[in-house]
Amino acid sequence: MSVAHPAQNPPPPEPAGGGAPPRSRRGLAERMSSELRFLPVALGLLALFLFFATQSDVFLTSRNLNNLLIQSTVTGIIALGLVFVLLTGSIDLSVAATSGVAAVFMSKCVVDFGLPIPVAIALGILAGVLIGSASGRWITFVGVPSFVVTLGVGLILNGVQLMLLPRTGRYNLLNTGVEDIAGTYLTGGAAWTVVLVAIALFALLRISHWRGRIREGLAAPLGGQVLLPVAIMAAVVIAILLYLQGMKGLPMPVILFGALLFALSYLAGETRFGLALYAIGNNEEAARRAGIKVDRIRISAFAIAGGMAAVGGILAASRILGVSVSSGGGVGGGALLLESIAAAVIGGVSLFGGRGRVVGALFGALIIATVSNGLNLMGVANEARLVVTGLLLVLAVSLDRGIERFAGSNS
Amino acid sequence: MQPPPLPDPILSLRHISKSFGGVKALQDVSIELRPGETTALVGDNGAGKSTLVKVMSGVLRPDEGQYLFEGREVPVNGPRDVARLGVQTVYQDLALCNNLDAVQNLFLGRERTGPWWTGFRVRRAECERRARDVLRRMRLDSIALDRPVGAMSGGQRQNIAIARSILWEPKVVLLDEPTAALSHSAAEQVGALINGLASHGLAVLVISHDIHNFVLENSDRIEVLRLGKNAAHFRSGEVTGEQVVNAMVGGKEGVNSAA
């Protein structure tokens, strides 16, 4: 008997897939860790909908779904931008404060300086972008952890916000025209046009993928790659439209959220820049050796987060017809910051970088808004709402971890 | 008829010395790589193998010595200069992104993209087809193109890293311990892959500890370093594992059997 290989010892663990036949069907868990990442979240959202529908007669009404969608837009838009920073493995704790400062700055431009609204809004967004890039520049230049820098930046911005506000502590935006952004509803032909354009853009993207694969002689099933995804997307969007037509129509914040979602999903999922984000988030050194300009990409991610935070802040200002000390969630970012981060994380974006999709911000924001809206309708107190949202966050992250472990991917 | 003359070395380092503080990592070391040949670089821990590869790949600048490519001395100020010459390095840590699939890793940082108005959209289909072709040519068809490489075996990951190094048709490939973490069968597969590179006319340098199973079977020449100096070099067919090991640890004097 060989001494070197005692029979009692278990064999060393074989790397996964070592003996598997080539091109074995990829398991569900593995697909769920990549392209079907949104599946558990979408199912969770569906379950929440069913639950609240049984608990409250009002929940599924047009009016309530209209409210719910609008409630999710501010958190959702801020989370959209935050995803870019999270993908690189950093975090931006100043997004809520950025949204507050940008909104106050925009209001100051309108009220005190009398600038035209489009100019004021552009300046507000520009301020957000500059704040984000400054944080990113500092983080990459000095090499300090992003959560410390952005925590500090958030406090600085809270101070700046107070300095920008007049002595009354508030700018009133009623009758300035800013309130029209959140107050506009598209109905009839205009609403249908928006929805059809969205479907057409999505279909074009799928078709261009499909045609590319045919041109290169790769497997390109028309059903799976074009027809099915487009049909699902069209069904969901048209269903939402038909539902909202029963109320006032398609709210402008929802259209804005949809447009940003599409643009940023494209940026993260289709472009070289997006790929670089994922690479940096997983293995920064490998990305650097591959010639990726890591610092530039990271600064851009913070700039996007800052810009989206500004958009979210301006939208919030338009909805509540003004800005005040509590714009941007108040000191420290408050619930707005926590819910934006939670939205991204519940949507499957990893805090450790390199995993998750932009569309996750949509699902996460919807889940948070649904819980808050549904529990409100059930007459549950606010403290219970916080507890439930917190539990959902923990559940989402644990589920995520479980899928990853099951899929057998390391890191 | 006379046997064909040896091809001229494509990459040669002459009289290289490199110190870290007071430690002389390399002293007057010379090495030559020829097209179509696999050279194994062996030596005990601390013999200077990794330092030599880092000098060859441009990561470290030598204190003294010459870097010659195709017979001419070339200035080397960093890894980019070396990559531009057509010298690719596969590091021991592989430098793969576990969350990306094989296609994305192969083309990372060098993707084919659409024009600016598409936001430099990655031409996924084109990359995928090229990746498939390269892997097929290397007989690596079993690697799934669209799986995250983090879910793959060590051998497959090693193969992807090697495939990435030859994707842009280099003339020289340097491999740092490609079989260190692999099972025997996976190491054999990597060995076959390395042999394939040399038979296509590339100059290959491979660091390995596995003299008996890997070096003797998969290399044409063996360069032995000991304590930062050239200790011996052999032709793989004319030497036993024992002789190589002796040269590594400084037992008996190595038989210098090369011309």
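Gln161(A) is buried in this predicted model, because 26 other C-beta atoms lie within 10 Å, and a residue counts as buried once 20 or more do so. The residue belongs to helix 6 of chain A, which spans residues 146–164. Leaving aside neighbours within four places in sequence, Gln161(A) is in contact with Gly100(A), Val101(A), Val104(A) and Gly328(A). The C-alpha atom of Gln161(A) is separated by 8.3 Å from that of Ala97(A), although the two residues are 64 residues apart along the chain.

Chain A, in which this helix sits, contains 16 helices and four strands. Its radius of gyration is 23 Å, close to the 22 Å that the globule rule gives for 411 residues, so chain A is as compact as a globular protein of that length. Taken along the principal axes, the C-alpha atoms of chain A fill a box of roughly 90 × 50 × 50 Å. Of the 411 residues in chain A, 43% are buried. Among the contacts in chain A with a separation of 6 or more, 78% join residues that are 24 or more positions apart.

As for confidence, the model scores ipTM 0.86 and pTM 0.88, while chain B averages a pLDDT of 89, with 95% of the residues scoring at least 70. Where pLDDT is low, the predicted coordinates should not be read in detail.

In chain B, six strands form an open sheet in the order 6-7-8-3-9-10, and the pairing is mixed. The edges of this sheet are strand 6 (87–90) and strand 10 (229–235) of chain B, each of which pairs on one side only. On average, neighbouring strands of the sheet are turned by 20° against each other, direction ignored. Strands of a sheet pair through backbone hydrogen bonds, either parallel or antiparallel. Three of the pairings in chain B are set out below, each with one facing pair of residues.

| Strand pair (chain B) | Sense and bridges | Residues paired |
|---|---|---|
| Strand 6 and strand 7 | parallel, four bridges | Val90(B) and Leu175(B) |
| Strand 7 and strand 8 | parallel, four bridges | Val173(B) and Val204(B) |
| Strand 3 and strand 8 | parallel, four bridges | Thr39(B) and Leu205(B) |

Strand 7 of chain B can be followed residue by residue. Val172(B) and Leu174(B) point one way from this strand, whereas Val173(B) and Leu175(B) point the other way, and all are buried. In a regular strand the side chains alternate between the two faces of the sheet.

Helices of chain B lie across these strands. Helix 5 (residues 154–166) of chain B crosses strand 6 and strand 7 (172–175), and runs at about 170° to strand 6 of chain B. Helix 6 (residues 184–199) of chain B lies across strand 3, strand 7 and strand 8, running at about 150° to strand 8 of chain B. Together with strand 7 and strand 8 of chain B, helix 6 of chain B makes a right-handed β-α-β unit.

Val190(B) is found in helix 6 of chain B. Is Val190(B) buried or exposed? It is buried, because 23 other C-beta atoms lie within 10 Å. Beyond its neighbours within four places in sequence, Val190(B) is in contact with Gly155(B), Gln158(B), Asn159(B), Pro178(B), Thr179(B) and Leu182(B). The C-alpha atoms of Val190(B) and Val103(B), which are 87 residues apart along the chain, are separated by 19 Å.

Helix 1 (residues 49–56) of chain B is mostly covered, with eight of its eight residues buried. These buried residues are Lys49(B), Ser50(B), Thr51(B), Leu52(B), Val53(B), Lys54(B), Val55(B) and Met56(B). They pack against strand 1 (11–20), strand 2 (23–33), strand 3, strand 7, strand 8 and strand 9 (221–226) of chain B. Just after helix 1 of chain B, Gly58(B) takes a positive phi of about 85°.

Technical notes. Residues are numbered from 1 along each chain as its sequence is written. Chains are lettered from A and ligands numbered from 1 in the order in which they are written. This is a predicted model: local features need pLDDT of at least 70, side-chain atom pairs count only at pLDDT 80 or more; totals for chains, interfaces and linings use all residues. Two strands pair if DSSP finds at least two bridges between them. Helices (H or I, at least four residues) and strands (E, at least two) are DSSP runs, numbered from the N terminus. Axes are lines fitted to C-alpha atoms, for helices over the stretch in contact, and angles run from 0 to 180 degrees between N-to-C directions. Two residues are in contact if their C-beta atoms, placed from the backbone, lie within 7 Å. A residue is buried if 20 or more other C-beta atoms lie within 10 Å of its own, exposed if 12 or fewer, and partly exposed in between; C-beta atoms are placed from the backbone. A crossover is right-handed if, with the strands pointing away from the viewer, the path from the first strand over the helix to the second runs clockwise. The radius of gyration is taken over C-alpha atoms; the globule rule is 2.2 Å times the number of residues to the power 0.38. pLDDT is the predictor's confidence in each residue, from 0 to 100.
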